[in-house]
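I opened a new structure today and kept some notes as I went. Here is what I looked up, in the order I looked it up.

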Amino acid sequence: MKKIGILTSGGDAPGMNAAIRAVARRAYAEGLEVYGINYGFAGLVAGDIFPLDEEVLNDKIARGGTFLYSARYPEFAKVEGQLKGIEQLKKFGIDALVVIGGDGSYHGALRLTEHGYNTVGLPGTIDNDIPYTDFTIGFDTALNTAVDAIDKIRDTATSHRRVFVVEVMGRNAGDLALWAGVATGAEAIIVPERDYDMDKIAKRLERFREEGHDNAIIVLAEGVATAADFKAELDKHGDFDSRANTIGHMQRGGVPTARDRVLASKMGNYAIELLLQGKGGLAIGIEDNKITHHPMEDLFDEKHHADLDLYDMNNKFNQ
Ligand code: F6P
């Protein structure tokens, strides 16, 4: 192995730049040449590939987003797209790849490995929805952004004695809602992994109000409903001065936390170790604070498990 390529794919996540930097720095240390591929698999197919000079990496560890740009490119599921990508790899003499992205990106990564180009995947998504990893790169930063926003909403909720429904991202996973809800002392957390009973929620809020606790935050995972729809349903169950808020893409941006940077650095470093051992088709994770890897196929058969102990604990806090 002499030349490796790096790409970021799917929704961007804070810490992706730190991951690219780590992969490249470790690769340089091993005497490898490094190529950046812009716009994920779309850029691979289009040949948007360039030598990644060391100087380019200098100021990247602290930057949000991905300087390699990102794209969702379902066309790579077709053999035709894969063959075009392989043509480009041949043209640039790239023999192995690191793909940073969500689990959708792992399908493309596995196809490349099957075509003889060892590819290792790093979990880069704010959703924390990838199996075989306790945390994904970007989750911690997005969580802290959500917590900061909800803390601010709490100030106005308190001042006006209001109920706020705050929708956080996470696609079909409740992780961001669970962690942000616990961290902000939410009166209710609503996640796709658990059913909810609106009548019970309304009764809980009414009881709190009678007890003099007259503002509330409901942290809602986007995989359940929109904040507006949830608020409308809540209003049918009680007389609340309620408001709906969606934090939105703000959660995807910003300076990555130290935790995300360190996680990205460890995973990027490990990706090169696996490739140097001639391994591919592997997804890197962190489990019980150890960096691990699993065959990508195993991830497709496995579901991510959100930490529902947080849900149960928060309900007890609000009984
Ligand atoms: O996967 C990251 C994520 O931000 C999800 O939380 C959200 O559902 C989705 O991407 C939004 O996608 P887009 O930026 O394409 O609208």
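**Two helices and a sheet**

I began with a pair of helices: α5 and α6 are oblique to each other, which is the class left over once angles under 35 degrees (roughly parallel), over 145 (roughly antiparallel) and 65 to 115 (roughly perpendicular) are taken out. I should say early that this is a predicted model, where local features need pLDDT of at least 70, side-chain atom pairs count only at pLDDT 80 or more, and totals for chains, interfaces and linings use all residues. Residues are numbered from 1 along each chain as its sequence is written.

I then checked the geometry: the axes of α5 (residues 139–160) and α6 (residues 175–183) cross at roughly 45 degrees and come within 9 Å. Axes here are lines fitted to C-alpha atoms, for helices over the stretch in contact, with angles from 0 to 180 degrees between N-to-C directions. Helices (H or I, at least four residues) and strands (E, at least two) are DSSP runs, numbered from the N terminus.

Next I listed who meets whom, with contact meaning C-beta atoms, placed from the backbone, within 7 Å. On α5 I found F139, A142, L143, A146, V147 and I150, facing D175, L176, W179, A180 and A183 of α6.

Last came the sheet, which is open, has seven strands in the order β3-β2-β1-β4-β5-β10-β11, and is mixed in its pairing; strands pair if DSSP finds at least two bridges between them. I noted β3 (49–51) and β11 (290–295) as the edge strands. From one strand to the next, the twist averages 25 degrees. I also saw that β1 (residues 3–9) and β4 (residues 96–101) run parallel, joined by six bridges.

Note on methods:
Contact = placed C-beta atoms within 7 Å.
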